[in-house]
Amino acid sequence: WATASSSVGETLEGVTFAGCGYAEEGEDCLEMLTTHLLEDFNGNRIVIDATEDARVAEHYPRWLTLGAHIVSSNKLATGGPLATYRAAKNARSDANTQWLYECSGPGSGLPVISTLQDMQQTGDRIRRVEGVFSGTVNYVLESVRGGAPFSEAVAAAVAAGYAEPDPRDDLSCLDTQRKMLTLCREIGGMPDLEPEQLLVESLLPAALSGWEPDLASGKSVGEQLAEQLRPHDGAWAERVAAAEAEGGELKLIGRLNVEAGTAQLQLEVVPPTDTLARCEGMQNVIVVHSARYGAAAGGPLVLMGPAAGHELKAMGMFTDVLRLSRTLAEWNIPKIL
């Protein structure tokens, strides 16, 4: 069974589920799926969630309690309200089920979450994590540095499939904020952090903070947003040029300091010799400083690679499915009395 979303403004009532066809008019698809999980005696049930929907995330505790495993890229489950995250974690532990979410953190499929989990489970202590966590924003800034207007760079990112269904989530850094929260909760330091407590610098002009797309216009959200951004192209060209004049590159940098208990996400001018300046286009770079990976080992652990687009996310989620399937050594079919 899988849940998926395709565009802004589409409701869950329009989603189809493999194996059961279309929901009847007025029928709640999530309750329909929950009923199926309750009645299905297959011992190895997996729900694959590729949405960014809070309602789906809120069903995780129930599904995990019913014995279903979850593979997810839904950042509202890992990086949304703390209560949602904790409820799912507790349900997973109580029911002895599994919830894999590699694509919910930085990297969009790069082995970041699993690597950090392996490091901690083998006795390492994470001290700091920093990096470029948004391939979409990096692509836009790199394009502007190459001479493209900011609005056209955003439109190109949308057309290439790098952006979220609503690219405002990328430019407001809401999407990256959720990735940062996933890291904070995964490696400790600030496990109780709520979204509003993470300091974030938005790339969305203040004049557009209250703007809403016209869903009946026939134009996509990305097209409408690009039109709204055109008056701000000059300001962004100047800001990128100013960074180059300082001898650096403008990057959106996330920094998580476990020992100090601080986390922030903001635009910085990064020297070209810095590891954080190495990523190009829609790549991510994640630098991990730990007790094991430090000066004595010759430097931190660096993970880098392409990190935006549907194919990479699909690969990351399929990898989680394969990883989960390898742990299910036998069919655990409950007895029917």
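Begin by selecting Trp99, which touches Tyr60, Leu64, Ile70, Ser72, Ala77, Thr78, Tyr85, Ala88, Lys89 and Arg92, leaving aside residues up to four places away in sequence; a contact here means heavy atoms within 4.5 Å. The model is predicted, so local features need pLDDT of at least 70 and side-chain atom pairs count only at pLDDT 80 or more, while totals for chains, interfaces and linings use all residues. Residues are numbered from 1 along each chain as its sequence is written, and side-chain values use heavy atoms, with hydrogens and water left out.

**The nonpolar cores**

Add Tyr60 and Trp63 to the selection: together with Trp99, these residues have the most contacts inside the largest nonpolar core, a set of 42 residues. Such a core consists of buried Ala, Val, Leu, Ile, Met, Phe, Trp, Tyr and Cys residues joined through side-chain atoms within 4.5 Å, where buried means under 20% relative accessible area, exposed over 50%, and partly exposed in between (1.4 Å probe, protein chains only). Next, colour helix H10, residues 174-187, which gives the most to this core, with 5 residues. Then select Leu225, Trp236, Val240 and Ala243, which are among the 23 residues of a second, separate core.

**Glu130**

Proceed to strand E7, residues 126-132, where Glu130 is found. Is Glu130 buried or exposed? Glu130 has a relative accessible area of 13% and is therefore buried. Display its side chain along with that of His289: the two make a polar contact at 3.2 Å. This term denotes a pair of N or O atoms within 3.5 Å; within protein, one must be able to donate a hydrogen and the other to accept it, and residues adjacent in sequence count only if both atoms are side-chain atoms. Beyond four places in sequence, the residues that Glu130 touches include Gly254, Arg255, Leu276 and Val285.

**The largest cavity**

Select Thr136, Val140, Val154, Ala157, Val158, Ala163, Pro167, Asp170 and Leu171 to outline the lining of the largest cavity. Helices H7 (135-145), H8 (150-159) and H9 (168-171) each give two or more residues to this lining. A cavity is a set of points, on a 1 Å grid over the protein atoms alone, where a 1.4 Å probe fits but cannot get out; lining residues have an atom within 4 Å of a point.

**The whole chain**

Finally, show the full protein chain, which has 13 helices and 12 strands; these are DSSP runs, with at least four residues (H or I) for helices and at least two (E) for strands, numbered from the N terminus. Of its 337 residues, 49% are buried.

Terms used: On a 1 Å grid over the protein atoms alone, a cavity is a set of points where a 1.4 Å probe fits but cannot get out, and a pocket is an open set with protein on both sides within 12 Å along at least five of seven lines; lining residues have an atom within 4 Å of a point.
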